[in-house]
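Me: I'm new to this one. Could you show it to me and then let me quiz you about the words you use?

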Amino acid sequence: MQPIHQVFNQLTESKKIVITTHQKPDGDAMGSSLALFHILVALGHDVKVISPTNWASFLNWMPGCKSVIDYERNTAAANTLIENADWIFCLDFNILARTKNMESVLLQSKAVKLLIDHHQQPQLSVFQYGVSDTTKSSTAEMVFDFIVGSGFDHLIDDNIAQCIYAGVMTDTGSFRFPSTSPDVHQMVAHLMKRGLKHAAVHENLFDNFSENRLRFIGNTLLNRMEVFYEYNTALIAITQQDLIKFDIKTGDTEGLVNYTLSIEGIKLAAIIIDRGEERKCSFRSKGNFDVNTFARTYFNGGGHYSAAGGFSLEPLEAVVAKFKTAIAENKEQLSSYTF
Ligand code: 5GP
Ligand code: MN
């Protein structure tokens, strides 16, 4: 993979461009993809954003979101776009398997593939150009760097500013995680000086949920949470019946994994959700516990040091049992707490 700046001088030659991201895109995946979409459209390219799957409805307000193609719903049209693309930007994921059913068509495509991502251990061999930086708070911040680095800072408008802000804000837990560098605050100051209304972005993202979702969270914390103080760990396991009973949609469980980290002493927070076709796991940690390695070792997954995920095809009870075995095997790390 060659450094991304090598394509900067080609950005003004009109191209057919596809932007894609990981399945079930979150705020950073969608925000970074749409920010890049707007800048490339402004530069005169023919650009389409393709999401491997559907996404949470709380992202629909983002400028440009309505034009995003859901690969699972429009597979044939999306395949044609991928086959005919000159460039394919891959944002906010490290391995093509994170694009679920798009993986094979992406691999077959003759398009130049470009990576912009901040996850560990990227699949470098499939990208011709790219930037992979695990110290970055978010892919949205990296898209900002891409825009500024390529000399198009003056094209950052309100739409782009909102998309970048949404991405960095969601991926840093509202500027709380250690990844929130001075550069992040400087970038936000820059966007605000351009007129960004940050409070509106927070409201759009966090104050648009259903009553059901709040009741679901109440039920989850009351009845589905287990705390293992000897391992500084808390686990939430959610059944399919819970999802049906509370009419839980894609994105309604976003952020739920973080709640238990607010319990004093808890260092590892985990959630396992029975989504029917698979059991999806999310892990978050504070201090010196590496959930990227944990997710890779036990749950076919990966991610970052303090936020990672994975999945299992075994029944929920078996995945919960595996989790308990896994924390017992990591007892030494989990019980020694240092920041
Ligand atoms: P989340 O728990 O919010 O789904 O994901 C947390 C982090 O872990 C994200 O950065 C995401 O990219 C990564 N991640 C989540 N699920 C998987 C997975 O199944 N495989 C891999 N490799 N990474 C994952
Ligand atoms: Mn991200």
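**Ligands and their neighbours**

Reply: Of the 13 residues around ligand 1, the nearest are R98, H119, K280, S282 and R284. This is a predicted model, where local features need pLDDT of at least 70 and side-chain atom pairs pLDDT 80 or more, while totals for chains, interfaces and linings use all residues. Residues are numbered from 1 along each chain as its sequence is written, chains are lettered from A and ligands numbered from 1 in written order, and side-chain values use heavy atoms, without hydrogens and water.

Me: What makes a residue count as near ligand 1?

Reply: One of its heavy atoms has to lie within 4 Å of the molecule. R98 is among the residues that come nearest.

Me: How do you know that H119 makes a polar contact with ligand 1?

Reply: A polar contact is a pair of N or O atoms within 3.5 Å (within protein, one must be able to donate a hydrogen and the other to accept it, and residues adjacent in sequence count only if both atoms are side-chain atoms). A polar side-chain atom of H119 sits 2.7 Å from an oxygen atom of ligand 1, so the pair qualifies. K280 has a polar side-chain atom 2.9 Å from a nitrogen atom of ligand 1, so that pair passes too.

Me: Why are D28, D92, H118 and D171 called donors of the manganese ion (ligand 2)?

Reply: Donors are N, O and S atoms within 2.8 Å of the metal (3.2 Å for Na, K and Ca), and sites may look incomplete because water is not among the atoms. These four coordinate the manganese ion at 2.1 to 2.4 Å, so they fit. Along the sequence their spacing is D-x63-D-x25-H-x52-D.
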